[in-house]
Amino acid sequence: MSEPREIAERLLDAQVEFLLAEVTGDRFAEVITRDVDAVIGAADTLVFRDVADLDQVKQTVATIFDLIGGSPVIADMAGVFADSIYDNIAANNDYTLGQVVDREPVEALLEKIFGMHQAQERILDRLTESPLVATVASKFVDRLINDFMQANRERAEKIPGVSSLMSLGQSAANRAKKAADGTFVGDLAGKGAMFALKRTNNAIREMLRDAPVHSAAMEFWDLHADEPVSGLREYLTQKDLNELVLICYEIAVTTREKEYFGLLVEECVEVFYTKYGDYTLAAMLPELGLSGADIATEILRYGPAVIEGVKRNGVLGKMIRERLVPFYTSDRVLGIIGDADD
């Protein structure tokens, strides 16, 4: 009769060979399909709330944002992706912008933006609190008036004798403006800037509410919809896109580190937990747009190459053996084998 340890070694070899055969060739697909179905069947008996504590879920999501969101891979690839998209994807002449983005959601988005009167009113009201913005508005109004005056001046100068008279008037106006700086009149100019801003704001309000801005925006969209995607590159250079992507990435990373962002994430987790906490784990898959077949397909997409690689270099067999050896060499198993021999 063979010694118990010798029998244990033979059983160990047999099980290692069996497990390796399970992940070889067509058998691997059968095993994956069987096991995925079994796991989903078991998951259908487990309620999400019972196996995942709310605080644990919050910590997991926070860890994902903290580690993956700020990983070196994303930091290194952000600019590279931008350059690659500009050089290759954005250069595509086979697709038009209208084929890539449907018109209906664009129209709905613009209609919503132009209809957000509360947001528009608040933004315009806050702008009146900025002296610098008031100055810009004043210059804008001044420029419109100056352009109007210049157009009239060019017409008037065609009349003999009027040119000299207008030059004299402009010179006097410039001296008066210079003398007014720092005086009561100068203060009135500052108030004039605020007046100009309010007038500008009123014009914007009326334009957004009454003028066919939405139709004009859609007309602008339609002008570009039939053009190749590559036409978008006329709006910015590769350097512009690269810098914009890196700036947006920096905003995302620095925002992720703020305490307030953590509060937002926790609130989102709580909402998710409240809505799906009573679902079974299997019932959540359709809500995520997944099925057992989808999971099996993705495993089979990458699994065979990985398994074949570690099997070919002997790593898989070694890993399986190392995990089974403690069982087969345990006193209990050797005792069972010894009792069977008796």
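# Helices, salt bridges and a nonpolar patch

Student: How many Å does helix α17 reach from its first C-alpha to its last?
Tutor: This is a predicted model. Helix α17 covers residues 315-328, which is 14 residues. At 1.5 Å a residue, the expected span is 20 Å. The helix comes close to that, reaching 20 Å.

Student: Which residue in α17 marks the kink?
Tutor: The proline in this story is P326. The kink lies shortly before P326 and amounts to about 25 degrees. In α17, the residue at the kink is E322.

Student: Which residues in α17 are buried?
Tutor: Buried means under 20% relative accessible area. In α17, the residues that count as buried are L316, G317, I320, L324 and Y328.

Student: How many Å does helix α1 reach from its first C-alpha to its last?
Tutor: Helix α1 spans residues 4-22 and has 19 residues. The expected value at 1.5 Å a residue is 27 Å. Helix α1 is close to that, with a reach of 27 Å.

Student: Which residues in α1 are buried?
Tutor: The cut-off is again under 20% relative accessible area. In α1, the buried residues are I7, A8, L12, V16, L20 and E22.

Student: What does R27 form a salt bridge with?
Tutor: R27 sits in helix α2 (residues 26-43), and its partner lies 3 residues away in that helix, about one helical turn. Residues three or four places apart in an α-helix point the same way, because there are 3.6 residues a turn. The closest N and O atoms of the pair are 3.1 Å apart. The partner of R27 is E30.

Student: Is E30 buried, partly exposed or exposed?
Tutor: Its partner R27 has a relative accessible area of 31%, which makes R27 partly exposed. E30 has 46% relative accessibility. Exposed would require over 50%. E30 therefore counts as partly exposed.

Student: How many residues apart in sequence are the parts that R49 and D278 tie together?
Tutor: R49 and D278 form a salt bridge, with closest N and O atoms 3.1 Å apart. R49 lies in helix α3 (residues 48-51), while D278 is in the loop between α14 (259-276) and α15 (281-287). The pair therefore ties together parts whose separation in residues is 229.

Student: Is D278 buried or exposed?
Tutor: R49 is partly exposed at 33% relative accessibility. D278 has 58%. The limit for exposed is over 50%, so D278 counts as exposed.

Student: Is R256 buried or exposed?
Tutor: R256 and E257 meet in a salt bridge at 3.9 Å, N to O. E257 is exposed, with a relative accessible area of 56%. R256 has 15% relative accessibility. Since buried means under 20%, R256 counts as buried.

Student: Which residues do salt bridges that share partners join into one network?
Tutor: The structure holds 15 salt bridges. Some of these share partners and form one network. Its members are E22, R27, E30, R34 and D35.

Student: Which helix supplies the largest share of the nonpolar patch?
Tutor: The patch is made by I64, L67, I68, V73 and I74, and covers about 470 Å². Helices α4 (54-68) and α5 (72-89) each supply at least two residues. I68 belongs to helix α4. The largest share, 3 residues, comes from α4.

Student: What does the count of disulfides come to?
Tutor: A disulfide needs two cysteine sulfur atoms within 2.5 Å. C248 is partly exposed at 49% relative accessible area, and C268 is exposed at 55%. By the distance rule, the number of disulfides is 0.

Key: Residues are numbered from 1 along each chain as its sequence is written. This is a predicted model: local features need pLDDT of at least 70, side-chain atom pairs count only at pLDDT 80 or more; totals for chains, interfaces and linings use all residues. Side-chain values use heavy atoms; hydrogens and water are left out. Patches are made of residues with over 30% relative accessible area and no salt bridge: like charges are joined within 9 Å, nonpolar side chains (Val, Leu, Ile, Met, Phe, Trp, Tyr) within 5 Å. Accessible areas come from the Shrake-Rupley method with a 1.4 Å probe; for residues, only the protein chains shown count as cover. A salt bridge is a side-chain nitrogen of Lys or Arg within 4 Å of a carboxyl oxygen of Asp or Glu. Helices (H or I, at least four residues) and strands (E, at least two) are DSSP runs, numbered from the N terminus. The expected span of a helix is 1.5 Å times one less than its number of residues. The bend at a residue is the angle between axes fitted to the seven residues ending there and the seven starting there. Buried means under 20% relative accessible area, exposed over 50%, partly exposed in between (1.4 Å probe, protein chains only).
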